[in-house]
Amino acid sequence: MKIVVGGQVEKKEIENLIKEIDPTIETVIKSDLDAAMAIKTGQADYYFGACHTGGGGALAMAIAMIGRSQCETVSMPGRKPKEEAVQEAVKNGKKAFGFTGDHVETAVPMILDAIKANK
């Protein structure tokens, strides 16, 4: 599995956390445009991104490139990630996940668990 890390903040922290959870996952940090293009062209399986709102800078380019139907805002300021919503998003085929920088420690493991459970 290959995950591309886009978004605006905490890119290295997201990549390190993914590697800490599962060292077999291939990760690449890219600009928003390049990360979204990697998903669109099938060069990566999933997109993770963080920003200050969870759905702006984290997902804007992904939404523009692959469409809203494949993107999920996992958390926003004042709204923590919810496991049931993440599981449902993965089941529904979402490929790009955005969250706030302060929810990285919660959102990343939750998304990875949902992806693994869905395989």
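**Note on the parallel sheet, its cores and its salt bridges**

1. Start at one bridge: Thr 73 has Gly 98 of E5 as its bridge partner. E4 and E5 (residues 96-100) pair in the parallel sense over three bridges. Two strands count as paired if DSSP finds at least two bridges between them. Strands (E, at least two residues) and helices (H or I, at least four) are DSSP runs, numbered from the N terminus.

2. On provenance: this is a predicted model, where local features need pLDDT of at least 70 and side-chain atom pairs count only at pLDDT 80 or more, while totals for chains, interfaces and linings use all residues. Residues are numbered from 1 along each chain as its sequence is written, and side-chain values use heavy atoms, leaving out hydrogens and water.

3. The sheet is open and has five strands, in the order E2-E1-E3-E5-E4, with parallel pairing. Its edges are E2 (26-29) and E4 (71-73), each pairing on one side only. Neighbouring strands are turned by 20 degrees against each other on average, direction ignored. Axes here are lines fitted to C-alpha atoms, for helices over the stretch in contact; angles run from 0 to 180 degrees between N-to-C directions.

4. What does E3 pair with? E1 and E3 pair in the parallel sense over five bridges, and E3 and E5 do so over five bridges. Gly 6 has Gly 49 of E3 as its bridge partner. Phe 48 is matched with Phe 97 in E5.

5. E3 is mostly covered: six of its six residues are buried. Buried means under 20% relative accessible area, exposed over 50%, and partly exposed in between (1.4 Å probe, protein chains only). Tyr 46, Phe 48 and Ala 50 point one way from the strand, and Tyr 47, Gly 49 and Cys 51 the other way.

6. The largest nonpolar core has 24 residues. Such a core is a set of buried Ala, Val, Leu, Ile, Met, Phe, Trp, Tyr and Cys residues joined through side-chain atoms within 4.5 Å. Those with the most contacts inside it are Ile 14, Ile 18, Phe 48, Phe 97, Phe 99, Val 108 and Ile 111. Two or more residues each come from E1 (2-7), H1 (11-21), E3 (46-51), H4 (83-91), E5 and H5 (104-118). H5 gives the largest share, eight residues. A second, separate core of 13 residues includes Val 4, Ala 35, Ile 39 and Leu 59.

7. Look at Ile 18. Leaving aside neighbours within four places in sequence, Ile 18 is in contact (heavy atoms within 4.5 Å) with Ile 3, Val 5, Ile 25, Thr 27, Phe 48, Val 108 and Leu 112.

8. How many salt bridges are there? The count comes to four, the rule being a side-chain nitrogen of Lys or Arg within 4 Å of a carboxyl oxygen of Asp or Glu. Glu 26 and Lys 2 meet at 3.7 Å, N to O. Glu 26 lies in E2 and Lys 2 in E1, so this pair ties together parts that are 24 residues apart in sequence. Glu 26 is partly exposed at 43%, and Lys 2 is partly exposed at 23%.

9. Lys 116 and Asp 22 form another salt bridge, at 2.9 Å, N to O. Lys 116 lies in H5 and Asp 22 in the loop between H1 and E2, so the pair ties together parts 94 residues apart in sequence. Asp 22 is buried at 13% relative accessibility, whereas Lys 116 is partly exposed at 39%.

10. One salt bridge sits within a helix: Lys 12 and Glu 15 both lie in H1, three residues apart, about one turn. Their closest N and O atoms are 2.9 Å apart. Glu 15 counts as buried, at 13%.
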